[in-house]
Amino acid sequence: MSLFKTRDWWSTPVGEAEEFDHGCLCVANIDNEVNGYDKIILGSYHGILRIYNPQPQKTENGWSGYSAEDVILEQAFQQPILQVEAGRFSSGSDNLVLAILFPRRLGVYSISAVAGTVQHGSQYKCEVLYEHTLQRTAYKLCSGPFGGKDFICLQSMDGTLSIFEQESFAFSRFLPGALLPGPIKYVPRLDSFVTVSSSWQVECYKYQVLAVASDSARKEESQNIRTGKRVTFDWCFNIGEQAQDIAVITFPQAPPSILILGERNIFCLTETGNLRYMKKLEYDPSCFLPYASLTEGTINYLVATHTKSLLIYQDVTIRWAAKTEYTPVQLQVANFRDLNGCIVTVSDAGHLSCVYLGTDPAIFVPPQVDSRELNYSKMDAEMSVLQQKIREKGGKSVITPNRNNEEDLQVNVHVGPNLDDISAATGMEIPGEASVPSITVRIQLKSRLLIENVKVDICAPWPLATNQNEFNVPSVEPKMPSELFVAVFQRGSSLVAHLFVQISVQYQNASGTRRISTVKAALPASLVMKAVPPVKTAVHKLTVDTNKPPVNLNDIFPELLGENAGGQGAALGFQMFGGPVVTVLASKTSQRYRLQCDRIEAMWIPLQELIKRLNKHFNRGKNGDFRASFDGSLPMQEYFELIDMHFECRLGVSSCAEMLNQRAAQFRVIQRRLLTRFKDKTPSPLQNLDTLLEGTFRQILALGEAVEESKMSQAVAANNLSSATYLLNLLIRLWLNLSNEEFAVLETTISPVVSDSAEQGWQEMTDAAVTHLLRTVLAKSAKDAAVNPSPLILPADTTKVKKHIALLCDRLGKGARLVEGMADMKERVIKMPGSKVIEEDRDGDGEIETNVVVPRYREKMHKKKKGGHTLNDLSSFGMPMSDQPSAGMANVKDQKKKKHIESLVPDLENMTLDNVNGSETCNTINGNSGKKDDVDPAFAL
């Protein structure tokens with residue numbers, strides 16, 4: 001931030017492995033010398049008190065620095081020193097004495113010099129004047145003339161204030177709402193204390209209000225108080241962040257003010273609690289110190305930062321900036337014999353130094369140059385050439401620096417073609433499976449230079465898992481690659497959405513920059529499915545056309561034959577671990593392949609594997625022209641049912657969490673009432689509060705289990721929806737022959753990554769993305785482009801997102817392109833049952849509405865109120881209308897769960913538990929949806 005550095009006048013490291021913090025440093029004429037020069041007083045958390053009198057000598061090379069004679073006192077105590085403060089705390093003398101705050105003790109000491117009789121000079125001694133034993137753990141102290149003389153106010157860790165009138169204890173008071181202690185200072189003009197509470201607001205308390213707020217039943221004041229009158233603050237001001245320090249301004253030329261150093265701001269308040277100004281900081285401050293008022297009505301103060309900078313401000317204007325060697329935790333300004341206004345700093349590690357600001361005089365004297373006439377025409381020509389070069393370079397510039405082609409660390413991942421002979425799977429949760437296979441992934445790290453502390457993270461999407469999630473490699477040496485091995489297997493009982501794991505490697509390169517390398521490893525399909533006999537009948541069927549004659553399925557699936565080995569190769573069966581059976585059929589008479597299964601989402605991985613292996617089989621040469629297409633009907637109805645199931649699971653999780661919060665609040669209320677009864681001196685009946693507490697506790701446990709079950713069901717529904725989204729995008733690509741660029745836009749819009757958070761879910765994010773496409777590249781008119789996007793909040797239902805997805809598919813089928821500039825495709829007919837067509841409407845808010853109506857009723861439907869259609873009227877594109885999923889079993893289970901939870905505690909308020917186990921409804925995902933197609937004799941088993 002600055003080219004200048006602080007000038008070192010005197011410095012020394014303090015102790016070995018000692019710790020210091022704000023409050024451990026103080027400067028004062030603690031030995032009461034006649035010359036009035038300051039001494040440096042420093043106390044550490046190790047309990048060692050040191051007093052320095054810096055006296056460096058001027059030499060030819062600068063100041064001589066630290067010498068052993070600069071230490072005038074060093075004494076060890078048995079407790080950590082929290083704070084040191086100098087003041088007139090003795091009633092028998094007006095000299096300055098030293099107050100030292102320990103965790104459980106407050107001591108006041110006098111520092112005096114004893115003249116020596118030999119050449120060694122004077123010696124200093126520390127004598128205790130009085131001590132106070134504390135009943136509470138101390139945090140901070142402040143001093144001031146709030147009793148006529150310098151008295152001490154001590155703040156405890158629980159926020160209690162204790163006033164000590166020098167040798168005697170005065171009183172203790174509780175501050176209202178005190179949770180954590182904060183900085184505190186005394187304002188002499190107001191006779192008040194200013195502190196920052198744990199609610200992040202500045203509060204001012206009158207000393208007289210604290211003094212009279214005593215319990216009338218007690219005659220003597222004590223530190224061990226438990227009750228007392230509630231005190232009220234004189235004024236408060238909300239700063240909205242945690243305060244680090246407070247300073248009270250009493251300079252003659254400056255207006256009376258209170259400065260508060262926050263985490264990101266500096267606030268200046270008047271003594272009545274009004275804001276004078278606020279300075280927003282662009283760095284993390286460590287400490288600050290107001291030191292003077294050089295101009296009428298302004299305040300000068302120092303600010304130290306965690307970026308090792310020392311800044312000088314005048315109100316909100318920065319006047320000087322200099323770099324320091326370390327980060328100070330406290331600043332002081334002192335006057336020494338050879339230097340007035342010296343800045344004393346100390347770091348948390350104990351680096352103590354006295355610095356001043358300034359610059360070194362310039363030694364270089366530039367030589368005189370001969371005056372010559374300026375040729376303005378040559379200057380203009382040279383300027384034109386330079387500007388042309390700047391424009392040429394500016395057009396080729398990049399924001400980010402070019403990365404070196406040869407990285408410091410290379411990550412190579414290899415997945416073997418065969419599964420492990422002995423499975424390394426552990427902790428399986430798949431019912432009906434005795435064991436599942438595993439595969440070993442080899443990770444190789446190569447480096448050109450020595451790289452240390454390399455961390456490798458392996459992320460496998462649930463239900464996949466690994467036997468080890470992370471590795472810590474101490475070092476990677478050049479020409480000596482490090483190899484790591486990790487086993488991947490399926491652990492959970494759910495469909496696998498995709499077959500790859502992500503390996504992230506974190507390391508620090510030679511220049512000190514932190515780098516992260518990410519590699520994805522593709523897994524074989526045999527890891528998540530096994531060979532079974534094919535099934536003749538199924539609910540859902542998908543037919544893929546090709547331009548090549550059918551091949552023997554045994555040739556393209558050699559590792560997934562099982563009992564089908566040696567067969568004709570026209571039909572194979574694959575079963576997902578813990579899932580349904582998918583049958584793949586090759587036509588005997590045509591160039592088609594059929595996949596059939598009872599669950600539409602389970603066909604994603606087999607279909608992907610079939611197309612990938614057919615491409616590899618036919619495109620072995622350079623001129624491969626294999627192409628697959630899909631001319632069937634998009635399974636939109638089944639896809640929409642999966643969207644509804646996932647949305648119901650989200651609502652179930654939200655309902656269970658809300659009810660758990662209510663029961664937890666009720667539990668805390670019952671605890672408070674019981675505690676009040678137990679504290680009451682007069683015994684009173686509990687009125688069944690203990691029974692109510694036990695019953696509420698049981699309900700909390702049951703609701704906690706319901707939340708876990710709902711989250712697990714939501715994860716299963718998310719995987720099913722993700723698999724179905726992958727399948728739908730692939731079918732649309734085959735249906736419309738999309739390019740790679742268009743398919744990337746499609747996958748970004750209807751994303752197969754289903755990640756739900758508390759703020760946003762898949763439904764609202766997909767709806768916003770699809771609506772954006774309908775407003776831009778897929779807009780038919782200017783009216784479509786004026787549609788307002790929906791807010792990213794949890795919707796009431798899934799009607800809009802389903803309608804928008806249906807409209808997207810309709811416009812794509814009519815020839816629209818996802819990327820601007822491409823020629824429109826030939827219109828593809830969307831197959832609908834009967835003679836239904838898609839109509840577009842708009843409601844009052846400009847939302848796009850899509851309705852599927854019969855032509856002869858079109859005129860009648862237009863007369864209805866707009867927005868009155870529901871997606872229950874929407875059939876799938878060409879698929880027969882599926883039966884609605886029966887929620888009877890789910891409702892019965894919900895009622896049982898509701899009665900079970902309500903029976904755990906008597907006489908509680910009735911609460912709706914319709915969604916307490918929303919996860920049960922999600923289990924209907926595994927049910928059959930849709931009707932059977934007619935059997936094609938070309939695909940007969």
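These legends go with close-up views of a predicted model.

**View 1. Strand 30 has a partner strand in strand 1 and another in strand 29.**
Start with strand 1, residues 7-13, and strand 30, residues 351-356: they run antiparallel and are joined by 6 bridges. Look for W10, which sits opposite C354 of strand 30. Now find strand 29, residues 342-347, which also pairs with strand 30 in the antiparallel sense, this time over 4 bridges. Here C354 turns up again, as the bridge partner of V344.

**View 2. Strand 29 and strand 30 make a hairpin.**
How many residues lie between strand 29 and strand 30? There are 3 of them. Check out G350 in the turn: its phi is positive, at about 95 degrees.

**View 3. Here is an open sheet of 4 strands.**
Read across the sheet and the strand order is 31-32-36-34, with antiparallel pairing. Which strands stand at the edges? They are strand 31 (409-415) and strand 34 (464-466). Each has a single partner strand, so one of its sides has no neighbour in the sheet. On average, neighbouring strands of this sheet are turned by 25 degrees against each other, ignoring direction.

**View 4. Zoom in on strand 31 and strand 32.**
Strand 32 covers residues 438-447, and its antiparallel pairing with strand 31 takes in 7 bridges. To get your bearings, pick out N412, which stands opposite Q444 in strand 32.

**View 5. Helix 8 runs over residues 762-775.**
Here's a quick sum you can follow: at 1.5 Å a residue, the 14 residues of this helix should span 20 Å. The C-alpha atoms at its ends are 20 Å apart, so the expected span and the model agree. Which residues of helix 8 are buried? The list is W762, Q763, E764, T766, D767, V770, T771, L773 and L774.

**View 6. R105 and E131 meet in a salt bridge.**
The count for this model comes to 23 salt bridges, and here is one of them. The N to O distance between the side chains of R105 and E131 is 2.6 Å. R105 belongs to strand 10 (residues 105-114) and E131 to strand 11 (residues 123-133), so this pair ties together parts that are 26 residues apart in sequence. Are the two partners buried or exposed? R105 is buried, with a relative accessible area of 15%, while E131 is partly exposed, with a relative accessible area of 40%.

**View 7. E609 and R613 form a salt bridge within helix 4.**
The closest N and O atoms of this pair are 3.0 Å apart. Helix 4 covers residues 604-618, and because E609 and R613 are 4 residues apart in it, about one helical turn separates them. Both E609 and R613 are buried.

**View 8. R817 forms a salt bridge with E742.**
In this pair the closest N and O atoms are 2.7 Å apart. R817 sits in the loop between helix 10 (799-813) and strand 45 (837-842), and E742 sits in helix 7 (residues 740-749), so the salt bridge ties together parts that are 75 residues apart in sequence. R817 counts as buried, at 15% relative accessibility. E742 is buried too, with a relative accessible area of 0%.

**View 9. Salt bridges can share partners, as they do here.**
Which residues are joined into one network by salt bridges that share partners? They are E559, E609, K612 and R613.

Key
Residues numbered from 1 in each chain as written. Predicted model: local features only at pLDDT ≥ 70, side-chain atom pairs only at ≥ 80, totals over all residues. Heavy atoms only, no water. Pairing = 2+ DSSP bridges. Helix = DSSP H or I, 4+ residues; strand = E, 2+ residues; numbered from the N terminus. Axes fitted to C-alpha atoms, helices over the stretch in contact; angles between N-to-C directions. Expected span 1.5 Å × (residues − 1). Buried < 20%, exposed > 50% of the residue type's maximum accessible area, 1.4 Å probe, protein only. Salt bridge = Lys/Arg side-chain N within 4 Å of Asp/Glu carboxyl O.
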